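Good morning, and thank you for coming. Please take a moment to look at the sequence and the structure before I begin.

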Amino acid sequence: MSAEPRSYETFSFSGVALDPIHVGTGGTRLGRVDNTIVRDPVTRIPKIPGSSIAGVMRAYTAMAKEKYPNCAGLGQPERDGAGGHCGSADCPVCTVFGFAKGIGSSGGFAGLAAFSDMHVLLFPVASQLGPQWITCPMALRQTGIAKPSELGDLPEQQVLYRKTDGAEALPSLNLGWLFLQVKTDWQPLEEIAQKIEELGIPGYITSRLGVVSDKLFTHIVNSNLEVRTSVAIDPATGAAKKRALFTYEALPRGTVLFWEVTCRNPKHFKINGGNKVEAVGSPGGVRDVVTKAHPYLEHLGIGGMGSRGMGRLRVLETTKPDDADKSGKEDK
Amino acid sequence: MNMTWTALRWVWRLEAPLFVGIPPAGALNRCRPYVPARTLWGAVTAEISRSSNGDSFPDYRKRGEEIREQCRFTYLFPAEKRGDKVLAWRPLFRKKGLQWCCNGGEEYLSDRDFRRRLMGSRPGTAIAPESYSASEGTLRETECINPWWRDSNCQEETSAVLLLGYVFLRKNGFRSQLDNIDTLFVGGDTRYGHGRISRVGGHKEAGDVSVFGKPIHRDRENPGIQSDIIWGHALEGDWQKKQMIQGEQELLGGWNQGSPWRGKLTWAPGTFLTESAVWSIEKDGYWKHQDKNRRERK
Ligand SMILES: [Zn+2]
């Protein structure tokens, strides 16, 4: 380990979907929502792009910090010059999330926080024992819970691996329409389950953990997404538009998502042609600003369609010691 | 042996999609399928300046100048692990156009097929604060390198996209700082989590013959690679009058600390020559033709 200080800190977060979450690009005005679903192009598993998260988190942090709506959104001022990002050194929203352009002629700022994509870590599927939360080696590798080099593939591809403790000695389990043999002899599972618990994921989920192969996981996720049909409302008449029926997919309630926020050291940046960042003083401070958005995620949701009862996400409190006892945490 | 330059081979793994833009930007932002030396220099400068500076504001310009002088980077090319080998895909212009070549020329893919295996694109919009919905007119698509290779037959294991390249160090300077870097942020849109790469294993010292399988010259003012294929952006010169060239020209440009940066007219990576030559890697990352008969002056 190097003794030199790092120029950034990366914080892990996970959250449970309280509603179905539409995996789109954040827009409801695009009309054909079914065209804007975001999937990992290789694994085919839905995900929420970091750019969408950054936009939503920015809007909610601006609300929490009473900087809404000017410091939220794109930041372009009105034609008369009013509004837009304030871009000041003491604005927690503009320093943490960046701003479009500076005061006067100086350039914008990329911001101190970087958001990874939200990945599906645990996916709920109905079984004869109630819901089971399923994951796979690839999902675990992508979330950094296991280092890629340490986590090999599963011994058998058509098997569901569960923990030994508490798991009923069933020879097989149905996941939706899929019947799988159950085994308990995959060694890394104990440690993985512990790391998942450290993320703050509730016991009712961790006690129903199952691991399948990457290929099976893709299959299970894609055949158990919620598919809903909706209708576009014409704002002029308040009635349904003709031929405006559309379908869209959503991650089901109970899906556990994982993401990381990389927080840079504010001391290494100057904005607006030479001003120090005053709003935050450390990577931990950047994280604290971002977490101000979390209660809003739980109430207003992510991914658009908030008005249709979709998208609410509860961010979990990690129990990892390096993240604990940070000041400014949100109380639940 | 008292060589001026040490050559290190380094391998990185993509932890997130990677975006290195090709101008112009617009509704579709195109991405380069490799990481240019200049981009890498910027990322390394940012990281070394910050991590060696505690809580004070780093002198990026000064540190960047030192790194330009002491370190020379080859481009990083996409690579994959096969057994215990890491094989890089590199561009080569052939009669059919741009091809990508791997495994010592055993395997070829057309540019189109290669990009299909490597790249994805993601839609993006800006969120309008008054409605929390997408702002009109902001839909754009950004091409990027995926963290995972897409296999054409979908049957094999998906394998991680690695990046392979070399760095030359003058008198082994900056060695400990480079050894300390385990994660870098390269390219654009890093605030959306793009461009995070982590080093795989330690740096390996490359011998005299092993920079992408080509002989190198480590005793000159600038490090040299002897090659009939250009794997960087090469400056124009008299050399191009004397031989057949298969390749493409590109005018480089971009941004430098907030102001436009005007690059030069170059030959693009993959350009193929009838005669092998020694190419130096210059301070600004360009490849420069060295006249065979005249030793470079110190
Ligand atoms: Zn502001």
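What is the handedness of the crossing of α1(B) and α2(B)? In this predicted model, the crossing of these two helices is right-handed.

Let me describe that pair more fully. Two packed helices are described by the angle between their axes and by the distance between those axes. In chain B, helix α1 covers residues 37–51 and helix α2 covers residues 60–70; their axes come within 9 Å and cross at roughly 125°. An angle between 115 and 145 degrees is classed as oblique, and α1(B) and α2(B) are therefore oblique to each other.

Which residues form this contact? From α1(B), the participants are W41(B), V44(B), T45(B), A46(B), I48(B), S49(B) and R50(B), and they meet Y60(B), R63(B), G64(B), I67(B) and R68(B) of α2(B). Sorted by class, the contact of α1(B) with α2(B) comprises 6 nonpolar, 3 polar and 3 charged residues.

I turn now to the nonpolar cores. In soluble globular proteins, nonpolar side chains tend to be buried together. Here the largest nonpolar core has 68 residues, and F115(A), F123(A) and F217(A) are those with the most contacts inside it. Helix α1 of chain A, residues 50–64, gives the most to this core, with 8 residues.

F115(A) deserves a closer look. Leaving aside residues up to four places away in sequence, F115(A) touches residues of chain A including I53(A), M57(A), F97(A) and V290(A). F115(A) also touches R191(B), Y192(B) and G193(B) in chain B. Apart from the core of F115(A) lies another core, of 66 residues, among them W10(B), L40(B), A43(B) and Y75(B).

Finally, the backbone. Most residues other than glycine have a negative phi, and most peptide bonds are trans. Where does this model depart from that pattern? In chain A, the peptide bond from Y68(A) to P69(A) is cis, with omega near 0°. P69(A) lies in the loop between α1 and α2 (92–97) of that chain.

In chain B, F174(B) is not a glycine, yet its phi is positive, at about 65°. F174(B) is placed in the loop between β13 (162–170) and α4 (175–180). Is F174(B) buried or exposed? Its relative accessibility is 12%, so F174(B) counts as buried.

F212(B) likewise has a positive phi, near 50°, and sits in the loop between β16 (204–205) and β17 (216–217) of chain B. With a relative accessibility of 7%, F212(B) also counts as buried.

Note on methods: Residues numbered from 1 in each chain as written. Chains lettered and ligands numbered in written order. Predicted model: local features only at pLDDT ≥ 70, side-chain atom pairs only at ≥ 80, totals over all residues. Heavy atoms only, no water. Axes fitted to C-alpha atoms, helices over the stretch in contact; angles between N-to-C directions. Helix = DSSP H or I, 4+ residues; strand = E, 2+ residues; numbered from the N terminus. Parallel < 35°, antiparallel > 145°, perpendicular 65-115°, else oblique. Left-handed = near helix turned anticlockwise from the far one by under 90°. Contact = heavy atoms within 4.5 Å. Nonpolar A, V, L, I, M, F, W, Y, C, P; charged D, E, K, R; others polar. Core = buried A, V, L, I, M, F, W, Y, C linked by side-chain atoms within 4.5 Å. Buried < 20%, exposed > 50% of the residue type's maximum accessible area, 1.4 Å probe, protein only.
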